[in-house]
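This report describes one structure for a reader who has not met it before. It takes up the sheet, then the core, then some single residues.

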Amino acid sequence: MVTKNHQSYFDPIGLFVDPGGTISFVMESGNHSATAYHKQYGLAEETRIPKSAEPFDSGVIIEQGDTFEHTFNTKGTYDYYCIPHKTMRMIARIVVGEPGGPAEGSMPPDGSVPTSQQIVNKGTIGYEQFKQNN
Ligand SMILES: [Cu+2]
């Protein structure tokens with residue numbers, strides 16, 4: 001989770017993980033959260049994680065170097081956002097095992113993320129690489 005040159009973003013913006021994999025979100029600069037698009041969270045207009053998946057929300061992290069970990073057990077597509085920078089398109093996507101669920105077939109309301117197929121094909125999609133092509 002990065003703020004650099006007046007831009008705030010998740011890097012990578014697209015990531016593939018096997019079911020049961022744990023992802024560590026690292027606060028590199030700025031202040032950010034990693035929050036699933038799930039209707040139980042106030043800012044999420046829609047749920048964009050698999051139906052039976054456990055939602056996650058790091059809360060806003062302000063300390064550089066702090067981490068938030070989440071284990072992804074349910075297969076499918078997970079879109080998430082940063083609470084302070086949601087409207088500035090700080091959003092990203094994780095595919096667990098294989099694409100699926102309500103995030104498929106559309107992009108998040110706040111902007112675009114790599115397609116699930118791109119994520120499956122490449123494994124990791126860096127922010128700069130994505131921006132150059134979008
Ligand atoms: Cu942010």
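Two strands pair if DSSP finds at least two bridges between them. Helices (H or I, at least four residues) and strands (E, at least two) are themselves DSSP runs, numbered from the N terminus. The model is a predicted one: local features need pLDDT of at least 70, side-chain atom pairs count only at pLDDT 80 or more, and totals for chains, interfaces and linings use all residues. Residue numbers start from 1 along each chain as its sequence is written.

**The sheet**

Strands of a sheet pair through backbone hydrogen bonds, either parallel or antiparallel. Here five strands make up an open sheet with mixed pairing, in the order S5-S7-S8-S3-S9. Strand S5 (35-36) and strand S9 (124-125) stand at the edges with a single partner strand each, so one side of each has no neighbour in the sheet.

Strand S3 (residues 14-17) pairs with S9 in the antiparallel sense, over two bridges. Gly14 has Ile125 in S9 as its bridge partner, and Leu15 stands opposite Thr124 in S9. With S8, S3 pairs in the parallel sense over four bridges. In that pairing, Phe16 stands opposite Val95 in S8.

**The core**

A nonpolar core is a set of buried Ala, Val, Leu, Ile, Met, Phe, Trp, Tyr and Cys residues joined through C-beta atoms within 7 Å. A residue is buried if 20 or more other C-beta atoms lie within 10 Å of its own, exposed if 12 or fewer, and partly exposed in between, with C-beta atoms placed from the backbone.

The largest nonpolar core has 30 residues, of which Tyr78 and Tyr80 touch the most other members. S3, S7 and strand S8 (91-96) are the elements that give two or more residues to this core. The largest share, five residues, comes from S8. In soluble globular proteins, nonpolar side chains tend to be buried together.

Two residues are in contact if their C-beta atoms, placed from the backbone, lie within 7 Å. Not counting residues up to four places away in sequence, Tyr80 touches Ala34, Thr35, Ala36, Tyr37, Ile91 and Ala92.

**Gly76 and other single residues**

Gly76 lies in strand S7 (residues 76-81). When neighbours within four places in sequence are left aside, its contacts are Pro50, Ala53, Val96, Pro99, Gly100 and Gly101. Gly76 and Phe25 are 51 residues apart in sequence, and their C-alpha atoms are 19 Å apart.

Glu54 is found in the loop between S5 and strand S6 (67-72). Its C-alpha atom is separated by 23 Å from that of Tyr9, 45 residues away along the chain.

The table gives the C-beta neighbour counts of four residues.

| Residue | Other C-beta atoms within 10 Å | Class |
|---|---|---|
| Asn5 | 5 C-beta atoms | exposed |
| Glu54 | 13 C-beta atoms | partly exposed |
| Gly76 | 24 C-beta atoms | buried |
| Arg89 | 16 C-beta atoms | partly exposed |

**Backbone angles**

Most residues other than glycine have a negative phi, and most peptide bonds are trans. Asn5, in the loop between strand S1 (2-4) and S2, has a positive phi near 50 degrees. Arg89 is not a glycine either, but its phi is positive, about 70 degrees; Arg89 is in the loop between S7 and S8.

The peptide bond from Asp11 to Pro12 is cis, with omega near 5 degrees. Pro12 is located in the loop between strand S2 (7-9) and S3.
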